[in-house]
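Grab a pencil and work through these exercises with the model in front of you. Each one sets a task and then walks through a solution.

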Amino acid sequence: MNWIFLLIILLATLGGGLIPMMVRRVTPNFPIYMLAFTGACLFGVTIMHLLPEVYHELGHQAGIYIVLGFFLQVALQALSHGTEHGHTHVPTDGHHHVQIFPLLLGLSIHAFMEGIPLGFQFKDPAALASLVIGVAAHKLPEAFTLITVMMHAHQRGAKLWRILIIFSLVTPVAALLASVLGQHSTYISNITAYIVALVIGAFLHISTTIFYESGTKHHELSYRKVIAIAAGLLLAFLTLIFE
């Protein structure tokens, strides 16, 4: 496992979480366009690099696990309240108690799952570097929303920093475990291919939810959001230079 890749994921997560902590007032449109850009990038990388890999490894079985992963993400969303796709259905008006532990549990399971493909031995030489870009892009709004929710839940100071640091480590640790265990066990390596298919389903759920829901009224697409989506897809297409 390339340590630079792990560092990129770590810094992207920390960076996303630091924005609401350090910037006193974030413009309301910033999260919308950040979500659109990063969601489109993740979607493009998933379609162009991850899907061909798992179908090569698993054949037609891959489709079964992709569908399962899609609905596993639906189930995890019941705990995380949508934080992994950059917005949340947790009330933040101060009149409701935010259930912090279920939210962190659901989001951490998702973060651990998305780290496992980073430790997978891809046949496509472009897949890993492209996946790092897609996951790093995804971690920005994910961490941004998590810390925003924690701040609304009146988490402050050292506790807020602990949440951000621990959450930032989850995905790199999962990637490292998958890489090390996969190198020492053929069985683990084979299991990882199925987990990658599950994660693809989760990524498809997250990215398409971003397209149709985040920051819109009646699910419409503004021209600025379309531009952000196009830019994210362009970045995904540019990963083809790694081929």
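**Exercise 1.** Work out how helix H2 and helix H5 pack against each other.

*Solution.*
Step 1: Take the axes of H2 (residues 29-58) and H5 (residues 127-152), which come within 8 Å and cross at roughly 150°. Helices here are DSSP runs of H or I with at least four residues (strands are runs of E with at least two), numbered from the N terminus. Axes are lines fitted to C-alpha atoms, for helices over the stretch in contact, and angles run from 0 to 180 degrees between N-to-C directions.

Step 2: Name the arrangement. H2 is therefore roughly antiparallel to H5, given these cut-offs: under 35 degrees is roughly parallel, over 145 roughly antiparallel, 65 to 115 roughly perpendicular and the rest oblique.

Step 3: Add the handedness, which is left-handed for H2 and H5. A crossing is left-handed if the near helix is turned anticlockwise from the far one by less than a right angle, and right-handed if clockwise.

Step 4: Look at who makes the contact (heavy atoms within 4.5 Å). H2 brings residues including Phe30, Met34, Leu42 and Val45, while H5 brings residues including Leu131, Ile133, Val135 and Phe144. Sorted by class, there are 16 nonpolar, five polar and one charged residues in this contact. Ala, Val, Leu, Ile, Met, Phe, Trp, Tyr, Cys and Pro count as nonpolar, Asp, Glu, Lys and Arg as charged, and the others, Gly among them, as polar.

A quick note on what you're looking at: this is a predicted model, where local features need pLDDT of at least 70 and side-chain atom pairs count only at pLDDT 80 or more, while totals for chains, interfaces and linings use all residues. Residues are numbered from 1 along each chain as its sequence is written, and side-chain values use heavy atoms, with hydrogens and water left out.

**Exercise 2.** Describe the protein chain by its helices, strands and buried residues.

*Solution.*
Step 1: Count the elements: eight helices and zero strands. Along the sequence, that reads α-α-α-α-α-α-α-α.

Step 2: Check burial. Of the 243 residues, 49% are buried, where buried means under 20% relative accessible area, exposed over 50% and partly exposed in between (1.4 Å probe, protein chains only).

Step 3: Look at contacts with a separation of 6 or more; residues 24 or more positions apart account for 83% of them.

**Exercise 3.** Find the largest nonpolar core and see which helices supply it.

*Solution.*
Step 1: Know what to look for: a nonpolar core is a set of buried Ala, Val, Leu, Ile, Met, Phe, Trp, Tyr and Cys residues joined through side-chain atoms within 4.5 Å.

Step 2: The largest one has 30 residues, and Val54, Ile66, Leu131, Ile200 and Phe203 have the most contacts inside it. Helix H1 (3-22), H2, helix H3 (61-80), H5 and helix H7 (186-212) each supply at least two of its residues. H7 gives the largest share, seven residues.

Step 3: Apart from this core there's another, of 16 residues, with Ala111, Ala143, Ile163 and Phe167 among them.

Step 4: Zoom in on Leu131. Not counting residues up to four places away in sequence, Leu131 touches Val45, Leu50, Pro117, Leu118, Phe122 and Phe203.

**Exercise 4.** Which residues does Phe167 touch, and is Phe167 buried or exposed?

*Solution.*
Step 1: Locate Phe167 in helix H6.

Step 2: Its relative accessible area is 3%, so Phe167 is buried.

Step 3: Leaving out residues up to four places away in sequence, Phe167 touches Thr13, Leu107, Ala111, Lys139, Glu142, Ala143 and Leu146.

Step 4: Pick a distant partner along the chain. Leu10 is 157 residues away from Phe167, yet their C-alpha atoms are separated by 9.3 Å.

**Exercise 5.** Describe how helix H6 crosses helix H4 and helix H5.

*Solution.*
Step 1: Start with H4 (residues 100-115) and H6 (residues 157-184), whose axes come within 7 Å and cross at roughly 35°. This crossing is right-handed. Its contact residues include Leu104 and Phe112 of H4 and Val170 and Ala174 of H6.

Step 2: Turn to H5 and H6, which pack at about 155° with axes 11 Å apart. That makes H5 roughly antiparallel to H6. H5 passes H6 in a right-handed crossing.
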